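Me: I should like a close look at a single part of this protein chain. Please examine it in detail and then place it in the context of the whole model.

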Amino acid sequence: VGCKAILVFFQYGVMANFYWLLVEGLYLHILLVLIFSPNRHFTIYLLIGWGIPTIFIITWTVTRIILEDTGCWDTNERGGPWWVIRIPILISIIVNFILFISIIRILLQKLRSPDVGGNDQSQYKRLAKSTLLLIPLFGVHYTVFALFPDRSSNYYKIIFELCLGSFQGLIVAVLYCFLNSEV
C-alpha cells in the first residue's frame with residue numbers, strides 16, 4: 001500500500017507539473033491579450049494547476065484498482081489506466097504549445113509595429129531572444145516526444161528529458177527571477 005501511495009503522489013506531481021506549465025502559459029497569454037484586465041483569475045489558475053491533476057489521479061487510481069491492481073503499479077501491462085494520465089498530459093502539452101505559438105505571433109506583431117525602433121536585424125534578435133526565453137517557461141521541449149509512442153523513443157526521450165527537463169526549474173528561476181531587476 002505504501003509503494004502504491006508513493007507512486008500515486010509521484011504521478012500527481014508529474015501531472016501537476018504539466019498543468020502548472022499550462023497555467024503559466026495561460027497567465028502570460030492573458031496578460032498579453034487583455035492588457036488592462038483588472039481580474040487576474042488566480043482561483044481558476046489554482047483549480048487548473050492543482051484540481052485537474054487531482055481529478056485525473058483519483059480516476060487513475062480507481063481504474064488501476066479495478067483493472068490492473070498488480071504489484072506496485074510501476075508497470076503498465078494494460079494501456080487503459082495509463083491513458084487516464086497520459087491523455088490529459090498530452091492535452092496540456094498541445095494547448096501550451098498553441099499558446100506558445102500565439103504569444104510568438106503577438107511578439108512578432110509588436111516588434112513590427114512602427115512604434116518599436118530599430119532595424120530588422122535588431123527586431124529579429126529581440127524575437128529570437130524572447131522565443132528562447134519562453135521555451136523553458138512553456139515547457140516547449142516536451143512537445144518533441146509528446147506524440148511518439150513510449151516504446152519507440154523511450155531511450156532518447158529519457159536522455160532528452162533528463163538533460164532539459166531536469167534543469168527547467170533552474171533555467172526559469174535564473175531567467176525570470178535572478179536576472180530580473182524587478183524581482
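Is Ile 66 buried or exposed, and what is its relative accessible area? Please describe the surroundings of this residue as well.

Reply: In this predicted model, Ile 66 is exposed, with a relative accessible area of 64%. The cut-off for that class is over 50% relative accessible area, so the residue qualifies as exposed.

Ile 66 belongs to helix α2, an element that covers residues 42–67. On the surface, Ile 66 takes part in a nonpolar patch together with Ile 58, Val 62, Ile 65 and Leu 67. The accessible area of these residues together is about 480 Å².

The UniProt record, an unreviewed entry, also has an annotation for this stretch: among the spans given there as "transmembrane region" is 44–67. In the model, residues 44–67 are 100% helix and 0% strand, and the C-alpha atoms at the two ends of the span lie 33 Å apart. The same UniProt feature is placed at residues 18–37, 87–108, 129–149 and 155–179 as well. For residues 87–108, the end C-alpha atoms are 32 Å apart, and the span is again 100% helix with 0% strand.

Beyond α2 in the sequence comes the loop between α2 and α3 (80–112), and this loop holds Cys 72. The structure contains 1 disulfide, and it joins Cys 72 to Cys 3, with an S to S distance of 1.4 Å. A disulfide is a covalent bond between the sulfur atoms of two cysteines. The link of Cys 3 and Cys 72 is left-handed, with -95 degrees about the S-S bond. Cys 3 lies in helix α1 (residues 2–33), and the pair links distant parts of the chain, 69 residues apart. The two partners can be described by their accessibility: Cys 72 counts as buried at 17%, whereas Cys 3 is partly exposed, with a relative accessible area of 41%. The limit for buried is under 20%, so Cys 72 falls within that class.

As for the whole, the protein chain has 6 helices and 0 strands, and the elements run α-α-α-α-α-α from the N terminus on. Of its 183 residues, 34% count as buried. The accessible surface of the chain comes to about 11,500 Å², with 71% of it belonging to carbon and sulfur atoms. Among contacts between residues at least 6 apart in sequence, 68% join residues at least 24 apart.

Note on methods: Residues are numbered from 1 along each chain as its sequence is written. This is a predicted model: local features need pLDDT of at least 70, side-chain atom pairs count only at pLDDT 80 or more; totals for chains, interfaces and linings use all residues. Side-chain values use heavy atoms; hydrogens and water are left out. Helices (H or I, at least four residues) and strands (E, at least two) are DSSP runs, numbered from the N terminus. Buried means under 20% relative accessible area, exposed over 50%, partly exposed in between (1.4 Å probe, protein chains only). Contact means heavy atoms within 4.5 Å. Accessible areas come from the Shrake-Rupley method with a 1.4 Å probe; for residues, only the protein chains shown count as cover. A disulfide is a pair of cysteine sulfur atoms within 2.5 Å. Patches are made of residues with over 30% relative accessible area and no salt bridge: like charges are joined within 9 Å, nonpolar side chains (Val, Leu, Ile, Met, Phe, Trp, Tyr) within 5 Å. A salt bridge is a side-chain nitrogen of Lys or Arg within 4 Å of a carboxyl oxygen of Asp or Glu. UniProt positions are given in the numbering used here, feature names are shortened, and annotations may be inferred rather than shown by experiment.
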